[in-house]
Amino acid sequence: MFAFVSLTIYLKFIGTTPTIICDRFDEFIATINIIAFLLCVFLYIKGFTFPSTKDQVFSGNPIFDFYCGTEIYPSLGNIYVKMITNSRLGMMSWALVVCLHALKSYELYGFIDSIMVSAFLQLIYVAKFFWWEIGYTKTFDITDERAGYSICWGSTVIIPACLTLPTLSMLNQSQSVGWIYSLSSLAVGLVSIIIGYWVDIQRLQVRETDGRCRVWGEKPRIIRARYKVENSDVMKTNILLVSGFWGISRHFNYAVEFCCYFIWSATCGFQHLLPFTYVLFMIPFMAHRTHRDDVKCSKKYGKYWEEYKKLVPYRILPGVY
């Protein structure tokens with residue numbers, strides 16, 4: 001953020017502005033599309049010729065392997081590719097584009113409460129992600145997903161192109177939604193982000209302390225799931241948390257994520273559908289993601305996952321799904 005502010009001041013001083021990216025946003029998206037595609041081609045070739053570890057898998061279908069990837073932990077020296085594409089390129093470009101949209105709006109219309117609240121909430125969300133980044137390294141995206149077109153292109157392109165649609169759409173309007181609506185959205189959005197962090201950190205703490213902690217004031221209920229590392233005979237143990245938020249549903253974090261995306265999309269009102277594009281996409285995406293995660297966890301943990309499903313029967317919302 002300091003670098004962005006410093007660059008903005010310098011560019012303003014010499015008579016230009018970083019919001020030129022907003023004016024040429026189509027070129028920006030086209031460029032990162034090309035870069036991301038070439039990276040995926042490189043990762044596909046790398047998996048065949050010089051894999052980083054022995055976890056590479058080939059299905060025999062080149063299209064499938066290109067899309068889903070062949071390696072779980074591809075690296076270039078000490079640089080882990082998925083952390084670069086998912087965290088550094090994806091999440092940091094999200095914050096950068098949102099800042100550019102907010103600055104562009106200010107240049108065009110002055111201070112508009114709707115876009116400023118939306119941008120602020122998204123920046124807080126991204127800051128929360130980096131504060132919790134060590135927890136992200138233990139999620140399925142990093143530990144089980146292979147680095148292919150799906151996750152690497154998706155993180156590099158979809159995040160800055162689609163998750164920023166709420167603020168992008170507000171560049172075409174100077175409508176203020178009023179302080180009451182804005183402050184209410186800000187409050188609900190901040191609470192959603194805090195709860196989201198609480199959900200993530202709750203499971204992380206239990207696993208880091210091996211269950212020797214308190215969840216909502218009580219000793220956590222856990223399942224110690226034994227599993228075999230893929231493509232090896234090594235056995236490991238992971239903790240499945242049945243207490244707190246993770247006792248409400250198996251993916252309660254998805255419900256909170258949906259609330260966050262909805263709130264900062266709704267700050268511009270409901271006159272247009274464009275700001276809610278990603279929110280609408282999230283519904284089938286989360287349904288598919290939870291199903292896929294259940295299949296993978298069932299395969300990985302076997303009887304332990306079946307036990308967990310009996311204790312926590314709902315995927316996202318209790319009584320609904």
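Let me start with Trp264, which is buried in this predicted model, with a relative accessible area of 1%, and since buried here means under 20% relative accessible area, you can see how that label was reached. Trp264 is found in helix 12. If we leave aside its neighbours within four places in sequence, Trp264 is in contact with Trp94, Ser118, Leu121, Gln122, Tyr125, Pro166 and Met170, and I would suggest finding each of these in the structure above. For a sense of distance, take Cys68, which is 196 residues from Trp264 in sequence and 31 Å from it in space, C-alpha to C-alpha.

Now let us widen the view to the helix around that tryptophan. Helix 12 covers residues 252-266, which makes 15 residues, and from its first C-alpha to its last it reaches 21 Å, close to the 21 Å expected at 1.5 Å a residue. How many of the 15 residues of helix 12 are buried? Twelve of them are, and the helix is therefore described as mostly covered, with buried meaning under 20% relative accessible area. Among these buried residues are Phe252, Asn253, Tyr254, Glu257, Cys260, Tyr261 and Trp264 itself. And what covers the buried residues of helix 12? The cover includes helix 5, helix 6 (113-131), helix 10, helix 11 (179-208) and helix 13 (277-301).

Please turn next to helix 3, which runs over residues 25-49. Helix 3 has 25 residues and reaches 36 Å from its first C-alpha to its last, close to the 36 Å expected at 1.5 Å a residue. Its buried residues are Phe25, Ile29, Ile32, Ala36, Cys40, Leu43, Lys46 and Gly47, and you will notice that this list includes a lysine, Lys46. These buried residues pack against helix 2 (20-23), helix 4 (62-68), strand 1 (75-76), helix 5 (81-109), helix 9 (149-162) and helix 10 (165-169). Helix 5 and helix 10, which pack against the buried residues of helix 3, also belong to the cover of helix 12.

One residue of helix 3 deserves a moment of its own, and that is Phe28. Is Phe28 buried or partly exposed? Phe28 is partly exposed, because its relative accessible area is 21%, while the cut-off for buried is under 20%. Not counting residues up to four places away in sequence, Phe28 touches Ile21 and Val97. Asn61 is 33 residues from Phe28 along the chain, and the C-alpha atoms of these two are separated by 32 Å.

Strand 4, at residues 235-241, holds Leu240, which is buried, with a relative accessible area of 5%. Beyond its neighbours within four places in sequence, Leu240 is in contact with Arg207, Arg221, Ile222, Ile223, Ala225, Tyr301, Tyr304, Trp305 and Tyr308. One of these contacts, Trp305, lies 65 residues from Leu240 along the chain, and their C-alpha atoms are separated by 8.3 Å.

I would also like you to look at the loop between helix 11 and strand 3 (222-228), where Asp210 is found. The phi of Asp210 is near 55°, a positive value in a residue other than glycine, and Asp210 is partly exposed, with a relative accessible area of 30%. Trp216 lies in the loop between helix 11 and strand 3 as well, and Trp216 has a positive phi of about 55° although it is not a glycine. Trp216 is partly exposed, with a relative accessible area of 47%.

Finally, let us step back to the protein as a whole. It has 14 helices and four strands, and its C-alpha trace spans about 60 × 50 × 30 Å along the principal axes. A compact globule of 321 residues would have a radius of gyration near 20 Å, and the protein has 21 Å, which agrees. Of the 321 residues, 48% count as buried, and the protein exposes about 16,700 Å², of which carbon and sulfur atoms supply 67%. Among contacts between residues at least 6 apart in sequence, 74% join residues at least 24 apart, and the pair of Leu240 and Trp305, 65 residues apart along the chain, gives you one example of such a contact. As for charge, the mean positions of the 30 positive and 23 negative charges are 7 Å apart.

Notes:
Residues numbered from 1 in each chain as written. Predicted model: local features only at pLDDT ≥ 70, side-chain atom pairs only at ≥ 80, totals over all residues. Heavy atoms only, no water. Helix = DSSP H or I, 4+ residues; strand = E, 2+ residues; numbered from the N terminus. Rg over C-alpha atoms; globule rule 2.2 N^0.38 Å. Buried < 20%, exposed > 50% of the residue type's maximum accessible area, 1.4 Å probe, protein only. Contact = heavy atoms within 4.5 Å. Areas by Shrake-Rupley, 256 points an atom, 1.4 Å probe, with all protein chains shown as cover. Lys, Arg positive; Asp, Glu negative; His and termini not counted. Charge placed at Lys NZ, Arg CZ, Asp CG, Glu CD. Expected span 1.5 Å × (residues − 1).
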